[in-house]
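Trainee: Before I trust any labels on this complex, I would like to go through them one at a time. Could you set each value against its definition for me?

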Amino acid sequence: MFDIDVWQEIFATIKKNKLRTFLTGFSVAWGIFMLMILLGSGNGLQNGVRTQFASNSVNMMWLWAGETSMPYQGLKEGRSIKFNNADYAFLKGMNQDLQQVSSRYYLPGNIVYTYKNEYGSFETSSCHPSLQSMGNMSVTAGRFINDLDLNDYRKVIVIGDNVRLALFKDADPLGEYINLNNVPFKVVGVIHDKGRRNDDERTSYIPISTAQRIFNGADRVHTFAVTTKVVTTAEEADSITADVRKAMALRHNFDPKDKRAMGSFNLLAMYIRTMKIFQAIKIFVWIIGIGTLIAGIVGVSNIMLILVKERTREIGIRKAIGATPGSVIGLVLLESILITTVAGYIGLIFGIGLMEGVNYGLEKAVGSGGGDNIFFRNPTVDFTTAITAMVILIVSGALAGYLPARKAANVKPIEALRND
Amino acid sequence: MIQIKDLHKSYEMGHNSLHVLKGLHLDIEKGEFVSIMGSSGSGKSTLLNILGILDDYDRGTYYLGGKLIQGLNETKAALTRNEMIGFIFQSFNLISFKNAMENVALPLYYQKISRKKRNQIALEYLDRLGLKEWAHHLPSELSGGQKQRVAIARALISQPQIILADEPTGALDSATSLEVMEILKEINDQGKTVIIVTHEHDIAAMTKKIIKLKDGVIGEVIKNGELQAFKDRVRTE
């Protein structure tokens, strides 16, 4: 089937019908081209949104204390709920669903940072060491807050990159002391918060124990950041949220349904729901793409039918001198597969090429600092998808050739060779 | 070589059935040079198709070289044709985009003989028919007589026992016709059975036996010795 004669014959017929072959091939190439662009765009959108999520671990959950808005067990509404260090210990040991916990105490008022002659007002966050991995923060110099800092109430600070720029310019900040409202803190690290906007690098971090002691916090905590077990359905994520709410409600005497008493936000549930939308978009894109492809394939099938009709006499001769139906089917099928595969491959190359080009442009925009908020990233099609598309092509080429090939195999030499 | 007994064949034409062959008996020995004649509608094309295993029949028996040819599937029929029968057609039926050599070699392609070897054999056959220097020409560059000689070479290359020729001279002028008939005669002299379907009396007269079909059965068989008489009769007709 794969010797040179077969190819010679296929190329001879293709050469005889250049325009027709081109038009047919074009419809297949176009189908694949559109499929690649649609899939690439879908991926781009999904990647863009995923990048937005990447500023934190996707399994992050936040809890914050508020004021009750519903009466509960004889208690009036309007009570303020206060978290404390015991809640931290409780959440940490609660169950397998919760993995890491970090609590935060909001520093009162406006904190002014001074270093030598430089000063500025920046956001200060108090935390546990686990916040680093939870918030996907990377330390560019020194280290993050550690357990020793926490236990010894050390006055250490990890500064955001913008804080370093404002206070130190090009000097090395490590080991230097910054005054926060006239309390000296030793700089132990500089962080770069991946995926965040530049504003967020204005935040600095200090141990929560130090913050509570220095800024009169006693054992008060304002918010908790928690990472949950990574689950696959939004329902499971919601049930983790519900469990935590119930437990906290029991500890602080409020109605678990009271959203104002304790606010909570489960990022994982939202992430799963968002990704589900993209799953649906992807299915939709495949349906449209395959629809376009089918139109192309019907075109190929049509052309092959005409071709078989035109070559009836030749096929008749071949059968008279000993061509088996199998060899005739092979001839037609192979030609059909050749046209669809080559045309499809060209469409594939152009589609992927275009999306890579767009990606290059996007990366350049991001690289120059202007694209941090783009909801469209890496709009490319992965290797598996390209291979899948290729397999679909070859199969569809075979499908397109099948009917005409059957027709060719059924050519009666007598009728084909009739002298008319 | 060929034994046909009580052969029936009819074609369905809508609601009507056209009974073409009505119990035909025919015996052709090995090495005979036979022509089949008959007016249109006498069933000669149908008979040729059945002889060439291009069509099936309804009733009776057909033995080809001692082998019963009946109800073969397409693949088997194709293989038998390839092995046992060489076809020559009125309109040559060469493949237009293949040169003379490739056309001649085609039956060997279906015998899965390597390209190099079959082209070499094809050249030998073309040489025998005096067409060696035309081997690399396309059919469109050949004259009618040359085309038919290429077709004859193609029919011979698989070394079949029987050559079936359907109006081999129908598209040729009389000089070329004579040339082609000479070639067929030579082939017959080498021991091959040659069967020609024709409606031209002078062509038929060059064979050794004439079978005249009439209304689906054999009307008349004229043998070697009687040929001269046949020729005379044709002349006076």
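Mentor: The area buried between chain B and chain A is about 2400 Å², and carbon and sulfur atoms give 56% of it; buried area here is the accessible area (1.4 Å probe) that two parts lose on being put together, summed over both. Of the area that chain B buries against chain A, Glu74(B), Phe97(B) and Tyr110(B) supply 26%, more than any other three residues. This is a predicted model, in which local features need pLDDT of at least 70 and side-chain atom pairs count only at pLDDT 80 or more, while totals for chains, interfaces and linings use all residues. Residues are numbered from 1 along each chain as its sequence is written, chains are lettered from A and ligands numbered from 1 in the order in which they are written, and side-chain values use heavy atoms, with hydrogens and water left out.

Trainee: What makes the pair Glu74(B) and Lys319(A) a salt bridge?

Mentor: The term requires a side-chain nitrogen of Lys or Arg within 4 Å of a carboxyl oxygen of Asp or Glu. The closest N and O atoms of Glu74(B) and Lys319(A) are 3.2 Å apart, so the pair qualifies as a salt bridge. Across the interface of chain B and chain A, the rule finds 1 salt bridge.

Trainee: Why is Lys319(A) called buried, and what is Glu74(B) called?

Mentor: Buried means under 20% relative accessible area, exposed means over 50%, and partly exposed lies in between (1.4 Å probe, protein chains only). Lys319(A) has a relative accessible area of 0% and is therefore buried, whereas Glu74(B), at 32%, counts as partly exposed.

Trainee: How do you know that Arg154(A) and Asp149(A) form a salt bridge, and which burial class does each belong to?

Mentor: Their side chains meet at 3.0 Å, N to O, so the distance satisfies the salt-bridge rule. Arg154(A) is partly exposed because its relative accessible area is 31%, while Asp149(A), at 0%, is buried.

Trainee: What makes Glu314(A) and Arg311(A) another such case?

Mentor: The closest N and O atoms of Glu314(A) and Arg311(A) are 3.1 Å apart, and the two form a salt bridge. Glu314(A) counts as buried at 10% relative accessibility, and Arg311(A) is buried with a relative accessible area of 10%.

Trainee: How confident is the predictor in chain B?

Mentor: The mean pLDDT of chain B is 87, and 95% of its residues reach 70 or more, pLDDT being the predictor's confidence in each residue, from 0 to 100.
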